[in-house]
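Please work through the following exercises with the sequence and the model open side by side, and try each task before reading its solution.

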Amino acid sequence: MIKGRNVVRVVLIVSLALSLRTGFLAWDDYQNAVVQGPITPTNPAGLSTENVKFTCAAAMRADTPPMQADRQQIQTAPNPAPCSLRGQRQAIFWVDLLLGAVALAATFAHLPRRRALARLDAVAPA
């Protein structure tokens, strides 16, 4: 029984570590935008729609704006806005940490009861 609890604890600790790590990692988002390209006879304006890469802040640092990773001049803003799923990523991050901590605490829930029973057994009847 103790071995099974320890395995569960290790799995929960690894899960918490991975959740915490993803909270500190930046992520990439790709959005279609109209960019300025080379002027050619077939495209005299030089405008084309391309998939532009944006780097989004990690879930822990949600106050920084998205950074454009590609060095292209954007003519019209992408729709939807880049990094628009940041709020959902933050929510999932905090829910992962909360549920992992609660599950880890649940694996130690038997300890206070065991300690109280050990104290009662230590008191010998006179």
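The exercises below concern a predicted model, and each task is followed by a worked solution.

**Exercise 1. Describe the order of secondary structure elements along the chain, and state what share of its residues is buried.**

Step one is to count the elements, which gives three helices and four strands. Step two is to read them from the N terminus, where the order is α-β-β-β-β-α-α. Step three turns to accessibility: of the 126 residues in the chain, 21% are buried. A last step considers contacts between residues at least 6 apart in sequence, of which 62% join residues at least 24 apart.

**Exercise 2. Locate the disulfide, and determine whether it is left-handed or right-handed.**

The structure holds one disulfide, and its partners are Cys 56 and Cys 83, whose sulfur atoms lie 1.8 Å apart. The pair links distant parts of the chain, since Cys 56 belongs to strand β2 (residues 47-56) while Cys 83 sits in the loop between β4 (73-76) and α2 (86-107), 27 residues away. For the handedness, take the torsion about the S-S bond of Cys 56 and Cys 83, which is about -85°, so the disulfide is left-handed. Both Cys 56 and Cys 83 are buried; for Cys 83 the relative accessibility is 6%, and this residue therefore counts as buried, the cut-off being under 20%.

**Exercise 3. Examine the loop between β4 and α2 for backbone geometry that departs from the usual pattern.**

Begin with the general expectation, which is that most peptide bonds are trans and that most residues other than glycine have a negative phi. Next, inspect Pro 80, which is found in this loop: the peptide bond joining Asn 79 and Pro 80 is cis, with omega at about 5°. Then inspect Cys 83, which lies in the loop between β4 and α2 as well, and whose phi is near 65°, a positive value in a residue that is not glycine.

**Exercise 4. Compare the surroundings of Asp 28 and Asp 29, asking which of them takes part in a salt bridge.**

Asp 28 is the one with a partner: it forms a salt bridge with Lys 53, the closest N and O atoms being 3.6 Å apart. This pair joins distant parts of the chain, Lys 53 in strand β2 and Asp 28 in strand β1, 25 residues apart. Both ends are partly exposed, Lys 53 with a relative accessible area of 24% and Asp 28 with a relative accessibility of 38%.

Asp 29, found in strand β1 (residues 27-36), is buried and has no salt bridge, for the nearest side chain of opposite charge, that of Arg 89, is 7.7 Å away, whereas the cut-off is 4 Å. The side chain of Asp 29 instead reaches the backbone nitrogen of Cys 83 at 2.7 Å. Apart from residues up to four places away in sequence, the residues that Asp 29 touches include Cys 56 and Cys 83, along with Lys 53.

**Exercise 5. Identify the residues of the largest nonpolar core, and find which helix supplies the largest share.**

The core is made up of six residues, namely Leu 12, Leu 16, Ala 59, Phe 93, Leu 97 and Leu 104. Helices α1 (2-23) and α2 each contribute at least two residues, and the largest share, three residues, comes from α2. To finish, follow the contacts of Leu 97, which, leaving aside neighbours within four places in sequence, are with Leu 16, Ser 19 and Leu 20.

Notes: Residues numbered from 1 in each chain as written. Predicted model: local features only at pLDDT ≥ 70, side-chain atom pairs only at ≥ 80, totals over all residues. Heavy atoms only, no water. Disulfide = S-S within 2.5 Å. Buried < 20%, exposed > 50% of the residue type's maximum accessible area, 1.4 Å probe, protein only. Core = buried A, V, L, I, M, F, W, Y, C linked by side-chain atoms within 4.5 Å. Contact = heavy atoms within 4.5 Å. Lys, Arg positive; Asp, Glu negative; His and termini not counted. Polar contact = N/O pair within 3.5 Å; in protein donor to acceptor, adjacent residues only side chain to side chain.
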